[in-house]
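Please open the structure in a viewer and keep the sequence panel visible beside it. The tour below proceeds by selection, one stop after another.

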Amino acid sequence: MDSRFDHRITEEQADEWLALCRRFFQLLAARKKRQFNRRVSIADLLSERHDNAAAYGFGEGTTMYDNVLVLSDVVVGRNTWIGPGCLLDGSGGGLEIGDWCSISAGVQIYTHNTVNRSISLGAKPVDYAPTKIGHGVYIGPNAVIQMGVTVGDRAVIGANSLVNRDIPPGAKAFGSPARLFGTEASRPKSARPDE
């Protein structure tokens with residue numbers, strides 16, 4: 001098929017084609033609304049979230065929106081939900097995300113930064129360090145996880161938090177920079193999910 005644009009197409013023909021496309025997207029949007037009670041972007045009308053995750057080799061049951069930016073070496077476990085508008089940066093030695101995590105809308109997780117390169121006017125290199133998110137972690141909307149951080153199993157990261165240090169298992173961390181508000185070991189036995 002010749003991919004060159006045919007300049008002979010009239011405005012009337014273009015309007016007819018555009019009307020057909022709009023009708024097609026309206027039908028897809030209505031179907032998505034019936035199935036999932038949601039309105040999504042055009043790309044998410046044309047793709048399925050589990051297929052998006054499978055295309056990257058992410059674990060069984062994992063889903064992600066089409067507009068998630070995935071860079072380089074990212075490994076995600078099973079049954080993890082990755083919300084819209086996220087950035088998963090594995091370019092600095094790898095990003096690992098465990099099973100049963102919820103990565104909310106707008107979350108950014110990094111494995112590199114360009115601070116030293118920028119302020120040295122290029123004399124220093126880009127900094128890299130792998131980042132790891134454990135199993136059963138909840139990361140609230142618009143949180144930022146900096147390079148080299150490990151977030152332990154079943155930790156909770158609050159919305160809009162900046163995580164610039166390791167978070168122990170079971171901890172709750174909120175704020176910018178994130179501060180700890182308890183760990184699994186500090187909870188009474190009756191409040192622990194496994195006991």
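## Stop one: paired strands

Please select β15 together with strand β16 (residues 178–180); these two pair in the antiparallel sense over three bridges. The model on display is a predicted one. A hairpin of two residues joins β15 to β16. To see how the two strands face each other, display G175, which stands opposite A178 in β16.

Next, keep β15 (residues 172–175) selected and add strand β13 (residues 156–157): this pair runs in the parallel sense, over two bridges. Within the pair, V156 is the residue to display, as V156 stands opposite K172 in β15. β15 therefore has a partner in β13, paired in the parallel sense, and a partner in β16, paired in the antiparallel sense.

## Stop two: a salt bridge from helix α1

How many salt bridges are there to visit? The count comes to two. For one of them, select K32 and E48, whose side chains meet at 3.6 Å, N to O. The pair links distant parts of the chain: K32 belongs to helix α1 (residues 11–36), while E48 is in the loop between α2 (42–46) and α3 (49–55), and the two are 16 residues apart.

Is K32 buried or exposed? With a relative accessible area of 8%, K32 is buried, because anything under 20% is counted in that class. E48, by contrast, is partly exposed, at 31%.

## Stop three: R78 and D99

Now select R78 and D99, where a salt bridge joins the two side chains at 3.3 Å, N to O. R78 lies in the loop between β2 (69–76) and β3 (81–82), and D99 in the loop between β4 and β5, so the salt bridge ties together parts that are 21 residues apart in sequence. For orientation along the chain, β4 covers 87–97 and β5 covers 102–103.

The partners can be set side by side in terms of accessibility. R78 is partly exposed, with a relative accessible area of 41%, whereas D99 is buried, at 16%.

Remain at D99 and display the backbone of R78 as well. Which backbone atom does the side chain of D99 reach? The side chain of D99 reaches the backbone nitrogen of R78, at 2.7 Å. R78 is thus met by the D99 side chain both through its side chain and through its backbone nitrogen.

To complete the stop, select the residues that D99 touches, leaving aside those up to four places away in sequence: G77, R78, T80, H135 and G136.

Definitions and conventions. Residues are numbered from 1 along each chain as its sequence is written. This is a predicted model: local features need pLDDT of at least 70, side-chain atom pairs count only at pLDDT 80 or more; totals for chains, interfaces and linings use all residues. Side-chain values use heavy atoms; hydrogens and water are left out. Helices (H or I, at least four residues) and strands (E, at least two) are DSSP runs, numbered from the N terminus. A polar contact is a pair of N or O atoms within 3.5 Å; within protein, one must be able to donate a hydrogen and the other to accept it, and residues adjacent in sequence count only if both atoms are side-chain atoms. Contact means heavy atoms within 4.5 Å. A salt bridge is a side-chain nitrogen of Lys or Arg within 4 Å of a carboxyl oxygen of Asp or Glu. Buried means under 20% relative accessible area, exposed over 50%, partly exposed in between (1.4 Å probe, protein chains only).
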